[in-house]
Amino acid sequence: MCEEQKKMVQVTLEEMTKESITSGGKVMFLRTGELPKIETKKGVCYSGTLESVVDFAKKRVFEEQEAHLEINYSAGTATLTTREQYDSGITVKGSLIQGSALSRFRINTETSFSLESFAKLVRQNRLYFKDQDNSTLLKSIERFNATRKIQLKNENDRRGNINAGLVAECQQTIQESFILTIPIFEGYPKTDVKVDVFTEVTDNGVSIELESVDLTEQIEVKKENLLKDVRTRVLAEKKNIVIIEK
């Protein structure tokens, strides 16, 4: 029985035995009805960013000896669990989520763009280029497209074989790299990322892939630093909580 229900029962008993001033004696008052239903606590699982874990540790009160924080560096997650041995425990899982804008560029995914779709990507995401006037890159795409059409017309032997000079022209005319200023993870500030452009001419047309060694390195470094920051900040709020790292 919870504290609120105990209080209600106590008040009811007091009312049933209160003295009657008019009769000078004790009068029993009988009341009928139902007590509030007993609600049992159930476990809850929350998910969000890494900041969600820190915010929970800062604002919620729980028994630290029955809680732990699990840091998974490879997965980029931090999971806070309270009341470990009870069904009513609460779990808060924070994850590093790749920035939605960054995912549009499909960097290091081996997913290619056509010439037209790459030009559209560059035009519609001008905000994320360090040089927001990204006309140089766009002009290089347009210049190559014009050259491509001329070469296809002059060099195609109508059997799908295109002069290798078109490949060389492709490498020379499309800008080989650019810099994005973009959030790598959701909820965190923008950072500069150098991206390389790789173009391939096939019988079916032109395919463009984007690669970035810089992005790969930044993801690993930032992931480790952000998770260590969560560890430090949670411990600042709950000094006796157990930390499990893997």
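Guide: Two strands pair if DSSP finds at least two bridges between them. Strands (E, at least two residues) and helices (H or I, at least four) are DSSP runs, numbered from the N terminus. You're looking at a predicted model, where local features need pLDDT of at least 70 and side-chain atom pairs count only at pLDDT 80 or more, while totals for chains, interfaces and linings use all residues. Residues are numbered from 1 along each chain as its sequence is written, and side-chain values use heavy atoms, with hydrogens and water left out.

Visitor: In what order do the 5 strands of the open sheet stand?
Guide: Strands of a sheet pair through backbone hydrogen bonds, either parallel or antiparallel. Here the pairing is mixed. Reading across the open sheet, the order is β1-β4-β3-β2-β9.

Visitor: Which strands stand at the edges of the sheet?
Guide: Look for strands with a single partner, so that one side of each has no neighbour in the sheet. That picks out β1 (44-48) and β9 (242-245).

Visitor: By how many degrees are neighbouring strands of this sheet turned against each other on average?
Guide: Angles here run from 0 to 180 degrees between N-to-C directions, using axes that are lines fitted to C-alpha atoms (for helices, over the stretch in contact). For these neighbouring strands, though, direction is ignored. The average turn is 15 degrees.

Visitor: Which residue in β4 does Tyr46 stand opposite?
Guide: β4 covers residues 90-95, and 5 bridges join this strand to β1. The two run parallel. Opposite Tyr46 you'll find Val92.

Visitor: Which helices pack on the sheet?
Guide: Contact means heavy atoms within 4.5 Å. Helix α2 (residues 50-59) touches β1, β2 (68-72), β3 (77-81) and β4, and its direction makes about 145 degrees with that of β4. Another helix, spanning residues 213-237, touches β2, β3 and β9, at about 170 degrees to the direction of β2. So the names to remember are α2 and α7.

Visitor: Which residue in β4 is the bridge partner of Ala78?
Guide: β3 and β4 pair in the antiparallel sense, over 5 bridges. Within β4, the partner of Ala78 is Gly94.

Visitor: Along β4, which side chains point to one face and are buried?
Guide: Buried means under 20% relative accessible area, exposed means over 50%, and partly exposed is in between (1.4 Å probe, protein chains only). Side chains along β4 alternate, with Thr91, Lys93 and Ser95 pointing to the other face and not buried. The buried ones are Ile90, Val92 and Gly94.

Visitor: How many Å apart are the side chains of Glu70 and Lys246 in their polar contact?
Guide: Glu70 lies in strand β2 and is partly exposed, because its relative accessible area is 25%. Beyond its neighbours within four places in sequence, Glu70 is in contact with Thr77, Ala78, Thr79, Ile244 and Lys246. A polar contact is a pair of N or O atoms within 3.5 Å (within protein, one must be able to donate a hydrogen and the other to accept it, and residues adjacent in sequence count only if both atoms are side-chain atoms). Between the side chains of Glu70 and Lys246, the value is 3.3 Å.

Visitor: How far apart in space are Glu70 and Glu245, C-alpha to C-alpha?
Guide: In sequence, Glu70 and Glu245 are 175 residues apart. In space, C-alpha to C-alpha, the figure is 5.8 Å.

Visitor: Which residues touch the most other members of the largest nonpolar core?
Guide: A nonpolar core is a set of buried Ala, Val, Leu, Ile, Met, Phe, Trp, Tyr and Cys residues joined through side-chain atoms within 4.5 Å. The largest one here has 49 residues. Leaving aside neighbours within four places in sequence, Phe118 is in contact with residues including Phe113, Leu137, Ile141 and Val197. The ones touching the most other members are Phe118, Phe178, Ile208 and Leu210.

Visitor: Is Asn134 buried or exposed?
Guide: Asn134 sits in the loop between α4 (115-124) and α5 (135-155). A polar atom of the Asn134 side chain lies 3.1 Å from the backbone oxygen of Val122. Because its relative accessibility is 6%, Asn134 counts as buried.

Visitor: In which loop is the place of Glu110?
Guide: Glu110 isn't glycine, yet its phi is positive, near 60 degrees. At 72% relative accessibility, Glu110 counts as exposed. Its place is the loop between α3 (100-103) and β5 (113-114).
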